[in-house]
Amino acid sequence: MIRIILIGFMGAGKTTVGKALSQSLGLPFYDLDWYIEDRYRKTISQLFAEKGEEGFRKIEKDILNEVAEFEDVIISCGGGTPCFFDNMDYMNRQAQTIYLKASPEVLYRHLKMGKVERPLLKDKTEAEMKQFIRDMLKTREPFYSRAQYTLNVNLLENYDKIKDSVRLLRELLNI
Ligand code: S3P
């Protein structure tokens, strides 16, 4: 049985790499944020606005507990998922966990390229965003580094780069 969970900061490429890995392995892919949006029929931004971050984290935990029971799946979670409750312990028990590790510069460039609306970043200037990434990464790194595997990711600017990450990931996990 294969169950892989990708973790890492916003903009690390969890969804992009997760989707490509699932295609490469012929396994279904679940993105926790998408699953939440589908279940609640609301965007992550709407849930943050309506329930506050605390309410969102409870929903996120409940959905994680559901999705991480599925078998033969690739799962990508939100950047904050490993950092609340006992989520990191739970994920390590349930799955092979992989930290997609990227530098603040790469994270910033991915986040600028991406179109996803992220409530924690909205209304920030470029300088504020860069500072936020550096500060938040420091706080979150201790959680992320508890993953069973770490894959360093550089700028995923084209499909070849994504394919390279998938190849490295498959080598790392021997699958
Ligand atoms: C968050 C990351 C987002 C999403 C929410 C909060 C975070 O997911 O869950 O906006 O706390 O880092 P991505 O990492 O997929 O952007």
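The ligand in this predicted model is surrounded by 13 residues, a residue being counted when one of its heavy atoms lies within 4 Å of the molecule. The closest are Lys14, Asp33, Arg57, Arg118 and Arg140. Three arginine side chains are placed against ligand oxygen atoms. A polar side-chain atom of Arg57 is 2.6 Å from one such oxygen, and for Arg118 the corresponding distance is 2.7 Å. In the side chain of Arg140, an N or O atom lies 2.7 Å from an oxygen atom of the ligand. Polar contacts are pairs of N or O atoms within 3.5 Å. Taken alone, the ligand exposes 390 Å², of which the protein buries 95%; accessible areas were obtained by the Shrake-Rupley method with a 1.4 Å probe.

Residues are numbered from 1 along each chain as its sequence is written. Local features require pLDDT of at least 70 and side-chain atom pairs pLDDT 80 or more, whereas totals for chains, interfaces and linings use all residues, and side-chain values use heavy atoms, with hydrogens and water left out.

Lys14, one of the residues closest to the ligand, also belongs to helix 1 (residues 14-25). Helices (H or I, at least four residues) and strands (E, at least two) are DSSP runs numbered from the N terminus. The twelve residues of helix 1 reach 16 Å from the first C-alpha to the last, close to the 16 Å expected at 1.5 Å a residue, where the expected span is 1.5 Å times one less than the number of residues. Lys14, Val17, Gly18, Ala20, Leu21, Ser22 and Leu25 are the buried residues of this helix; buried denotes under 20% relative accessible area, exposed over 50%, and partly exposed the range in between (1.4 Å probe, protein chains only). Their cover includes strand 1 (3-7), strand 2 (29-31), strand 3 (73-76), strand 4 (96-101) and helix 7 (159-173). Just after helix 1, Gly26 adopts a positive phi of about 65 degrees.

The largest nonpolar core holds 57 residues. Such a core is a set of buried Ala, Val, Leu, Ile, Met, Phe, Trp, Tyr and Cys residues joined through side-chain atoms within 4.5 Å. Ile5, Ile7, Phe9, Met91, Ile98 and Leu100 touch the most other members. Helix 3 (residues 44-67) supplies the largest share of this core, eight residues. With neighbours up to four places away in sequence set aside, Ile5 touches Ala68, Ile75, Cys77, Met91, Ala95, Gln96, Thr97 and Ile98, contact meaning heavy atoms within 4.5 Å.

Two further buried positions were examined. Met10 lies in the loop between strand 1 and helix 1 and is buried, with a relative accessible area of 9%. Beyond four places in sequence, Met10 contacts Gly79, Leu107, Leu111, Arg118, Leu120, Leu121 and Phe132. Glu60, located in helix 3, counts as buried because its relative accessibility is 1%. On the same sequence criterion, Glu60 touches Leu32, Ile36, Gly78, Gly80 and Thr81.

Positive phi values also occur in residues other than glycine. Asp72 has a phi near 55 degrees and is found in the loop between helix 3 and strand 3; with a relative accessible area of 32%, Asp72 is partly exposed. Asn174, in the segment after helix 7, has a phi near 60 degrees and counts as exposed at 70% relative accessibility.

Notes:
Polar contact = N/O pair within 3.5 Å; in protein donor to acceptor, adjacent residues only side chain to side chain.
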